[in-house]
Each structure stands twice: as C-alpha cells, then as structure tokens.
Amino acid sequence: MDTYPKTYDVIVVGAGHAGCEAALASARLGHPTLVLTINVDHIGEMSCNPAVGGLAKGHLVREIDALGGEIAKNTDATGIQFRRLNTKKGPAVQSSRAQADKEEYRLSMKRVLEKQESLDVKQGLVDALIVDDGTVRGIITSIQEKFLGKAVILTTGTFLKGLVHIGLKHFPAGRMGDPASNKLSDHLKALGLRLGRLKTGTTPRLDGRTIDFSRLTPQYGDNPPVPFSFETKSITRDQVPCYITYTNEKTHKIIKTGLDRSPLFTGVIRGTGARYCPSIEDKIVRFPEKSRHQIFLEPMGLGTAEIYPNGVPTSLPVDIQLKMLRSIEGLAHVEIVRPGYAIEYDYVDPVQLKPNLECKTIRGLFLAGQINGTSGYEEAAGQGIMAGINGVRYVIGEPPVILGRDQAYIGVMIDDLVTKGTQDPYRMFTSRAEYRLLLREDNADLRLRELGHEIGLVSDELYEKFEQKRDAIERLLALLSDVRLNPKPEVNRTLEGLGLGQINQPARLTDLLKRPGIELKALANFDGRILSFDREVTEQASILIKYDGYIKRQMEQVERSKHREDTKIPDDFDYQAIPGLSNEVKEKLARIRPISLGQASRVSGITPAAISIIEVYLKRFAGLAR
C-alpha cells in the first residue's frame, strides 16, 4: 500500500456543496487540506434542481456568506434568475432564491477550489478510514492509496451504498453517472456507527426545444436582481424567465396506471423519503382531492436547451414518465433528455455527533451534509463550513465554534440534528427557529460577520466595510431618533399628503416610521439626509424601528434561556448516578451526551422536571459554575 508523502491537517472526502465549503474553510485558514472526490469534473455538481436558496434556505446561504463561505458568491456569479420570496410578509420569513446556470456553477466552483492556496484536489474513491486508538489518522482509497491527515471530514452526499431506481429497474450509483461508495459504508458500520437508509428523488430533464412556451405563463425574476452575497454589488449576467404549468386529471390517471411498476409503491424502495418534497406519484396518492399540482419549468442554463420541471420528481418507469409529461399543458410533444429517478443511500444517525459535528466515538472525524440525514445544497453547505472550521480548531487544539439557536439558522439545524436526530431527510424551515425574528436573512452579516473575522475567514478589508455599514446603521437610527417634528401647519400638510394624518404634539421620525404603511424614504420630506444612506442601511434601520417591540421580546427570551445554555455538562457525566430520573431519560441522555442543560432540555422526551433534577445534581456534585 502506497502512502502519499504529504501529510495534511484536514482531509475532506467529497466535493459537493458540503465538501467545497469544508475544504475552502480549512484551506483559507492556512491549513494544508486535501479534498478527494470520485470525479473532479463533478465538483460542486447540482445533482437536483439548478437553484440555490428558497424559504429559510436563503437564510442559510447568507449566513455562510457572512462567515466567509463561497456558495453565495458562486450563485451570484452564475445566477440567471433572482427572486425575493414572501415579500408581502414580515422580514423574518422573507427569503431569496436564484436559478443558477448548472454547468457554469459547477465550473466556477471547480475554479475556486483549484485556485485556493493550501488546497489539493484529487480524484479517488475512499474505501476506509485509518483509525488508531479511537483517533482518525487518514484514509485509504479503492486503489490502496493511503493519505494521512490529522482530521477527516466525510461529506459523502448520496453516495454511501447509493442505489438508483427507475421503475422496477435499479442499479448502484451515487447519482446518475457516478459510482456508489459501498465499502466505506460497511467500514463505518464496522467502526461502530449506526447507519440508516434514506431516499430522495429528482425530476426528468426535458428538451426545451420540444416545449410550447407560448401556452405557458412566464415567471420573471426581480428587476433589478438582488444578490445573495454581501460582497456582490450588482448582478450583470443575462436573466431568463421560468414558466408555470400544471398537472391535470389526465396526468393523475396516467400516473396511477404506473403504480404497479413504481419502486415506491411495490416495496422495492425501503429508505424513508423526504416528507416535504414527495414524488409526484406520492402526491397523487396522498392528496387525491387535488385536481392539479403546479410545475415550474426552470432553465438549466444559458448554454443548454435542458429544462428542469420543478414539481414532478419521480421514479416511475420511463414510458409512464413520458406519457405523464405529454398530458401537461405546453408539453404535448416534449422529449425527455434524462429520466427522473429515486436514489436510496445510507446516512449516519447524527445524534452520534457532537455539536461541532465531530464523531463522539472517533476523535478527529467530522461529518457534514447528507451523510447526516439532511436534504438540500444549502443545509449541506452550512454544515460544511462549520465542519471545516471545527476540523481546523481540532487540529490546533482550540475550542470549537458552535453557533447558538439565537445566532443562526445553521445553529438551529445542527442543534436539531445532533440533539433529536432525523428519521427522514431534514429540511430547513423558518418555523424550526424559535427566534426567527432575530435570525432574518437581511441581518446575517450583523449576526455573523464579526465571528467570521475572528475565526479568520473574513479579511480585514471586508470586515472594515462591514464596520462602515454597521456604523451607518447606528448613525441613521440616531438621526431618526433625534429629529423631532412640531405640529406646525406645514408639517401637518406634508403628513396628510403622505397619508399619515396630523400630529398634535411633537413626534420623532422613529414614531412616524412605526405607523403602518409608512416607508422610510417618505420621511426624507422632513430630513433630506436620509437619502444619503444606501438601501441595506435604510432597510436595517426600518426593520429595527418597526419591529422594535417584537425584537426586544425575543431578545428577552434569549436572555432567559442563556443560563441553561451556559451551564455545561461534562463529557463523562454519569446520568445513572442521578436519583429521580427514569431509566428512559438516563438512556437517552447517556446516548446523546448533551453539552449543556439547554441542549438536554431539547432532547425528545426530556421533561422540565428531569432538567431541574439534573441542574440540582450538577450544582451539588459537579461544582459547575453558572
């Protein structure tokens, strides 16, 4: 067996969205990093739809960017349609979404990795880890190459014993066109890790030349498009529309004729599918009362005719897929370029991980992405950057970086995974965050930019620009608080012209801004200095003033829960020795090993009474400081 002569600080296995962020974070922190992928031509591959962001997912992308990650910048560089979602709702649930040029996204991310100092990119299939005395020491490839490293990050996506299903035909693959990783899955089991089985799916890809777009409703992006990254000033690429169509009762009848050859309904697929992104055949069976389902026809890029029909993931036989599609408005003569399919794969139960994404039983082994049971590029990338950061922190002996539930959606996601685990592919939603008004997409930099700079992923130059923005927000807030209007006739005439009604006593501009329907730019009628602040600054100031009461209440909630989050539980804490706890509670806590009382309180089935008992025991016997 050949041992590669160079020893790495961090080895990343896989170069999907988690692997790219993990490898870049490690290398950008100045540590020799190796990323190994089955196919270097598929670095950053968008295996499913060519889009980034969406409800809550856009929050993750902006947080990764604030920390110094890459996904937002790469999306801005290759995006062909940008849209803000939920703009008629409150700021907490507004999100960004962008269509990307699938091929350009992949090529752009590959270039970023290849140009990154301290990062080596190699092609190889990893079969095993080198583990010595409970500590990972490197990896072994399928051709018996040995690479040594101080930390290893597994970001294997859907490749662990991946099995593709099209009708009743199935074959091993990590995704269509790439081989599965079978030996590594067995090796992880041999190391004592608990693995489960999940399933996800994708849609057929269509030949856009065979679609009658004149019969469809176009959906245009925002004009001007709003970038994802805080570093991107504007989007200059050509933008294209998507198109909307619908299934119908004929479509549904055709789908039902194929259920006897569906791997989903004949018991061939055993993995648990995504609850919130079911296949079209699953939708038809589960929601028989619905006469139609919406489909978004999304371009795969500027240089291709391929179209992604978002809304019809399927593993039906190809003949049924074609009949189904041709029953839909605008698709009467459509041709399939690539069939839709389902894929089953192994994942590792994430409760076996610490909150820094390190394996509890193997020191220096970190896991990120779909191997932890998540679904989506954004969820994977968020775990990837944290695994990269914490892999480096492990190597240099520094405390890990763990984001709180009040700091970031990334923190909510990781806490959910390592505390509760998941039985089906985990997807981020705004409803998962109890402090979502604090975790808005628009303030991701205000929450995380300073931390990114402290870690070392945000340069001094970028941090200085951020400080200028933060200072500008404070100046604008001070201005709006300081300027007072007196109830003079000319003032009231202007107010009535703005639809605000008169004032009978002196009022600050902040008071006026809290009134329903008033926009900050309207107050420039009273002080023209407001117009000197840019959009991001005025947006922040407006939100902070309009939602001041709600924000304060959530901050008070955070403060009340801070004690439990700060009360740490030792790694070797003996739950069996605590009188008053049920055996079920003892077993759960001993298995999950929460790091704090706060995390313990979120373990399923752990009652407030149990937490109180543990807290008393910690104070009495462990001598932990508050």
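This is a short talk on the cores, strands, loops, pockets and cavities of one structure, which is a predicted model.

Let me begin with the nonpolar interior. The largest nonpolar core holds 89 residues, and within that core the residues that touch the most other members are Ile 139, Val 152, Leu 154, Leu 188, Leu 365, Met 386 and Ile 410. If you ask which element gives the most to this core, it is helix α9, residues 377-396, with a contribution of eight residues. There is also a second, separate core, made of 26 residues, and among its members are Leu 485, Leu 513, Phe 533 and Ile 545.

To stay a moment longer with one of those well-connected residues, please look at Leu 154, for which I leave aside sequence neighbours up to four places away. Leu 154 is in contact with Val 13, Leu 129, Leu 184 and Leu 188, and also with Leu 365, Phe 366, Leu 367, Ala 368 and Ile 371.

From there I would like to go to Asp 9, which belongs to strand β2, the run from residue 8 to residue 13. Is Asp 9 buried or exposed? Its relative accessibility is 10%, and because the cut-off for a buried residue is under 20%, Asp 9 counts as buried. With the sequence neighbours up to four places away again set aside, the contacts of Asp 9 are His 31, Pro 32, Gly 149, Lys 150, Ala 151 and Val 395.

A second residue to examine in this way is Ala 180, which sits in the loop between β12, residues 169-172, and α5, residues 183-190. Ala 180 also counts as buried, since its relative accessibility is 10%. Beyond the residues up to four places away in sequence, Ala 180 touches Leu 125, Phe 159, Lys 161, Gly 162, Pro 172, Ala 173 and Gly 174. For a sense of distance across the model, the C-alpha atom of Ala 180 is separated by 35 Å from that of Arg 602, a residue 422 places away along the chain.

Now to the strands. Strand β16, residues 242-246, pairs with strand β17, residues 294-299, in the antiparallel sense, and this pairing runs over four bridges. Within it, Tyr 246 stands opposite Gln 294 of β17. On to the next pairing, where β17 and strand β18, residues 306-310, are likewise antiparallel and joined over four bridges, with Pro 299 opposite Ile 307 of β18. The link from β17 to β18 is a hairpin of six residues.

Some backbone details deserve attention here. The peptide bond that leads from Asn 223 into Pro 224 is cis, its omega being near 5°, and Pro 224 is found in the loop between β15, residues 217-219, and β16. Two residues other than glycine have a positive phi that I would point out: Asn 86, with a phi near 65°, and Ser 118, with a phi near 70°. Asn 86 is placed in the loop between β5, residues 79-85, and β6, residues 95-100, and with a relative accessible area of 25% Asn 86 is partly exposed. Ser 118 is in the loop between α4, residues 102-115, and β7, residues 119-123, and is partly exposed as well, with a relative accessible area of 35%.

Let me turn to the open spaces. The second largest pocket encloses about 1,500 Å³, and of the 49 residues that line this pocket, those closest to its centre are Arg 535, Glu 536, Val 537, Thr 538 and Glu 539. Which elements supply at least two residues each to this lining? They are β5, α11 at 444-455, α12 at 460-482 and α15 at 535-546, and the largest share, nine residues, comes from α15. By class, the lining of this pocket divides into 17 nonpolar, 12 polar and 20 charged residues.

Finally, the enclosed spaces. Over the whole structure, the search finds two cavities of 30 Å³ or more, and the second largest of them contains about 30 Å³ of space. Its lining is made up of Ala 274, Arg 275, Tyr 276, Cys 277, Ser 375, Pro 425 and Arg 427, which by class gives four nonpolar residues, one polar residue and two charged residues.

How values were computed. Residues are numbered from 1 along each chain as its sequence is written. This is a predicted model: local features need pLDDT of at least 70, side-chain atom pairs count only at pLDDT 80 or more; totals for chains, interfaces and linings use all residues. Side-chain values use heavy atoms; hydrogens and water are left out. On a 1 Å grid over the protein atoms alone, a cavity is a set of points where a 1.4 Å probe fits but cannot get out, and a pocket is an open set with protein on both sides within 12 Å along at least five of seven lines; lining residues have an atom within 4 Å of a point. Grid points are joined across faces, edges and corners, and a volume is the space filled by probe spheres set on the points. Ala, Val, Leu, Ile, Met, Phe, Trp, Tyr, Cys and Pro count as nonpolar, Asp, Glu, Lys and Arg as charged, and the others, Gly among them, as polar. Buried means under 20% relative accessible area, exposed over 50%, partly exposed in between (1.4 Å probe, protein chains only). Contact means heavy atoms within 4.5 Å. Two strands pair if DSSP finds at least two bridges between them. A nonpolar core is a set of buried Ala, Val, Leu, Ile, Met, Phe, Trp, Tyr and Cys residues joined through side-chain atoms within 4.5 Å.
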